[in-house]
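Morning, everyone. Please look at the model on the screen while I talk you through it.

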Amino acid sequence: MTHDNRPVADALAANLTKIDDVVARVVAPAAADVDANGTYPRAALDALGQAGLLGLISSPEAGGLGLGHRAAALAVEKVAQSCTSTAMVLCMHYCATAVIEAHGSLEVRRAVAAGRHVSTLAFSETGSRSHFWAPVGTAAAADGAIRLDGKKSMITSAGEADSYVWSSRPVAAEGASTLWLVPGDAPGLTVVGKFEGLGLRGNASSPITAENVRLGADARLGADGGGFDIMMGTVVPYFNLMTAAVSLGNMEAALTKAIAHVSATRFEHLGQSIADLPTVRAYLGRARIKVDLVRTLLLDTLDAVEQGRPDTMLRLLEVKAAAAETGTEVTDLAMRVCGGAAFRKDHGVERHFRDARAATVMAPTADVLYDFIGKAVCGMPVFG
């Protein structure tokens, strides 16, 4: 989105207002239950679909809103301020939608745009762990069809999505991977257990096993062997921007709650609030700076993507790592200034503290990103 593109800016503002409405009506009231009971946020997805927001980045040709990276990032940030689990489900849906828009059938694209179809990525594998670009699962021609076999790890919306954008080794071509659109109810798919995690408890992130899953050749997304290029060119920009935005929304919410707590809680015998303590204000000042630094980096990364700047890939690597690491720092500061009250479930800050931890270990992990960034600044091939 360019700064002088008023119609796009107006559409972005209007649809972010719709996001605010869904968050207030559905997402925020359900957030405690989603966390406490690991409840998948189906009601939120239904409401987002009814508002046309599952088709936020779907093309107008398919019936979607035709917005892009900026809209997706700002949308998931707004959702994350109330429920990080719901935000991650939406993030993964938009990532999958970007691939489906580029390589999927018009029928599926229309279903996504109409809010009738939720998708997700199925890249990370048991065998290659956080190296999501290197699947070890296979795809093979068999009896006029394609047979998929593989073991995926930690797939968001496992058993809940209508489809998975699934990676495998190529059938016959050279290359690291091939992508497929696998129906959620395909025979041979098995979700391995219910997710019971420290944080992001409602995003249904579980392993999925594919054993003799049969697909038509038309289920392939892009060229055989072309999966890596789609991952880097289509998925990574959306994924890194949105996961950074999820971290940003989560830490913003934690900081807001911390400020409210220390401002309202008083030492009655002194006639002072906790905020009257200079040490507490200093911690909040540090946290505010950290949140604002991440927001500035995210906005600059969005500018880089939209303008096609030479530093785009570097910024994409930096923003996910910075947001993930800073999210753990800010939520730790929020816990500290709120003291013992923060350890109560009803206070809300400890949920943000737990949810923040996932981003650092979500592929590509912060440690992997630091290596990639180091390669970039040293002039070395990043993915070589």
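I'll take one helix, then the strands, then a helix pair.

First, the ground rules. This is a predicted model, where local features need pLDDT of at least 70, side-chain atom pairs count only at pLDDT 80 or more, and totals for chains, interfaces and linings use all residues. Residues are numbered from 1 along each chain as its sequence is written, and side-chain values use heavy atoms, with hydrogens and water left out.

Start with helix H1, residues 6-37. Helices here are DSSP runs of H or I with at least four residues, strands are runs of E with at least two, and both are numbered from the N terminus. How far apart are the end C-alpha atoms of H1? They are 43 Å apart. The expected span is 46 Å for 32 residues, so the two agree. That expectation is 1.5 Å times one less than the number of residues.

H1 also has a kink of about 50°, centred on Val23. The bend is the angle between axes fitted to the seven residues ending there and the seven starting there. Val23 is buried too, and so listed with Leu12, Leu16 and Ile19, among others in H1. Buried means under 20% relative accessible area, with a 1.4 Å probe and protein chains only. What do the buried residues of H1 pack against? Helices H2, H3, H4 and H9. Contact means heavy atoms within 4.5 Å. Just after H1, Gly38 takes a positive phi of about 60°.

Now the strands. Four of them form an open sheet, in the order S2-S3-S7-S6, with antiparallel pairing. Two strands pair if DSSP finds at least two bridges between them. S2 and S6 stand at the edges with a single partner strand each, so one side of each has no neighbour in the sheet. Inside the sheet, seven bridges join S3 to S7. Leu148 stands opposite Val213 there.

Next, S5, residues 178-183. Five of its six residues are buried, so S5 is largely enclosed by the rest of the structure. Six bridges join S4 to S5, antiparallel. Two more bridges link S5 to S8, also antiparallel. Follow Trp180: it is the bridge partner of Trp166, and Trp180 also stands opposite Arg220 in S8.

Last, the helix pair. H8 and H11 pack at an angle of about 145°, with axes 9 Å apart. Axes are lines fitted to C-alpha atoms, for helices over the stretch in contact, and angles run from 0 to 180 degrees between N-to-C directions. Residues that meet include Leu314 and Leu317 in H8, and Leu369 and Phe372 in H11.

Key
Buried means under 20% relative accessible area, exposed over 50%, partly exposed in between (1.4 Å probe, protein chains only).
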